[in-house]
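Here is a short set of exercises with worked solutions. Have a look at the sequence and the structure first, then work through the steps with me.

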Amino acid sequence: MINEKLEKEFNIQINKELYSEYLYLAMKTYFMEQNLMGFVNWFDVQVQEEHAHAIGMFNYLNERGGKIELLPIDKPEFSGKTPLEIFEEVLKHEQYVTSRINAVYDVAEEVRDRAAMKFLDWYIDEQVEEEASVDGVLSTLRLIGDDKNALLLLDKDLATRVFTAPVIG
Ligand code: OFO
C-alpha cells in the first residue's frame with residue numbers, strides 16, 4: 001500500500017502530465033494556423049508522450065494499491081506569438097515539470113518508498129531528454145531569427161520526429 005502523502009503527489013503529477021498534453025495540443029493549433037506542418041508533427045509526438053507519462057503514473061499508482069483521483073485540468077495558457085516565443089514557453093514548462101517530478105521524488109524519499117524512487121528514476125531521466133530536445137529546437141530558432149527559408153528547413157526536419165511508445169518504470 002502506498003503512503004497517503006505520496007499517493008497525493010502521484011495524483012497531482014498525473015494531472016500535470018495531462019495538463020502538459022493539453023498545453024501542447026493548444027500550442028499545436030498555432031502551428032496549424034501558420035501551416036508549419038513539421039512543427040505540428042513535433043507537437044503531435046509531444047502530446048502522445050505526455051499522455052504516455054500520465055498513463056504510466058496512473059497504472060503505477062493503481063498497481064501500488066493507491067486511490068486514483070483525477071483532478072480538473074486547467075485551461076491551457078500560452079502567450080507566445082512566434083515559434084521562438086512558444087518554444088521559450090515550452091522550455092519553461094518542461095523545467096517546471098522537472099521541478100514537479102523532483103518534488104514527487106522528495107516525498108518518496110521522505111517516506112522511504114524505494115520502489116517508488118526506482119520507478120521515478122525513469123521520469124527523472126526522461127525530463128533530462130525532454131529539456132534537451134526542446135533546448136535543441138530553441139537554439140535553432142534563435143539562429144534562424146527572421147530567415148523564413150531557414151524556418152521552413154527546420155519545419156521539414158521536425159516533420160521526421162516519430163512517436164515511440166515508452167517503456168516506463
Ligand atoms: Fe511529461 O514531460 Fe513534458 O511535461
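**Exercise 1: Two residues of α2**

Val45 touches Arg161, Val162 and Phe163, where touching or contact means heavy atoms within 4.5 Å and residues up to four places away in sequence are not counted. Before going on, note that this is a predicted model, in which local features need pLDDT of at least 70 and side-chain atom pairs count only at pLDDT 80 or more, while totals for chains, interfaces and linings use all residues. Residues are numbered from 1 along each chain as its sequence is written, and side-chain values use heavy atoms, with hydrogens and water left out.

Task: place Val45 and Phe43 in the fold and decide for each whether it is buried or exposed.

Solution.
- Step 1. Val45 lies in helix α2, and Phe43 has its place in helix α2 too. Helices here are DSSP runs of H or I with at least four residues, strands are runs of E with at least two, and both are numbered from the N terminus.
- Step 2. Val45 has a relative accessible area of 2%, so it is buried. Phe43, at 0%, counts as buried. The cut-offs are under 20% for buried, over 50% for exposed and in between for partly exposed, with a 1.4 Å probe and protein chains only.
- Step 3. Leaving aside neighbours within four places in sequence, Phe43 is in contact with Tyr24, Met27, Lys28, Phe31, Ile86, Phe87 and Val90.
- Step 4. Val45 and Phe58 are 13 residues apart along the chain, and their C-alpha atoms are separated by 20 Å.

**Exercise 2: The nonpolar cores**

Task: find which helices supply the largest nonpolar core.

Solution.
- Step 1. A nonpolar core is a set of buried Ala, Val, Leu, Ile, Met, Phe, Trp, Tyr and Cys residues joined through side-chain atoms within 4.5 Å. The largest one has 24 residues, and those with the most contacts inside it are Phe31, Phe39, Trp42, Phe43, Phe87, Val90 and Val137.
- Step 2. At least two residues of this core come from each of α1 (4-33), α2 (37-63), α3 (83-110), α4 (114-144) and α5 (148-158).
- Step 3. The most is given by α1, with six residues.
- Step 4. Take Val137 as a sample member: not counting residues up to four places away in sequence, Val137 touches Phe39, Trp42, Phe87, Leu154 and Leu158.
- Step 5. Apart from this core lies another, of 21 residues, including Phe10, Met57, Tyr60 and Leu120.

**Exercise 3: A helix pair**

Task: describe how α1 and α3 pack.

Solution.
- Step 1. Two packed helices are described by the angle between their axes and the distance between the axes.
- Step 2. For α1 and α3 the angle is about 170 degrees and the axes are 10 Å apart. Axes are lines fitted to C-alpha atoms, for helices over the stretch in contact, and angles run from 0 to 180 degrees between N-to-C directions.
- Step 3. The two helices α1 and α3 are therefore roughly antiparallel. Angles over 145 degrees get that label, those under 35 are roughly parallel, 65 to 115 roughly perpendicular and the rest oblique.
- Step 4. By class, the contact of α1 with α3 has 20 nonpolar, three polar and eight charged residues. Ala, Val, Leu, Ile, Met, Phe, Trp, Tyr, Cys and Pro count as nonpolar, Asp, Glu, Lys and Arg as charged, and the others, Gly among them, as polar.

**Exercise 4: Loops and the segment after α5**

Task: check the backbone of Asn35 and of Arg112, then examine what Arg161 contacts.

Solution.
- Step 1. Asn35, in the loop between α1 and α2, has a positive phi of about 60 degrees although it is not a glycine. With a relative accessible area of 58%, Asn35 is exposed.
- Step 2. Arg112 sits in the loop between α3 and α4, and its phi, near 55 degrees, is positive in a residue other than glycine. At 59% relative accessibility, Arg112 counts as exposed.
- Step 3. Arg161 is in the segment after α5. Leaving aside neighbours within four places in sequence, Arg161 is in contact with Asn41, Trp42, Val45, Gln46, Glu49 and Ser133.
- Step 4. The side chains of Arg161 and Gln46 make a polar contact (2.9 Å). Such a contact is a pair of N or O atoms within 3.5 Å; within protein, one must be able to donate a hydrogen and the other to accept it, and residues adjacent in sequence count only if both atoms are side-chain atoms.
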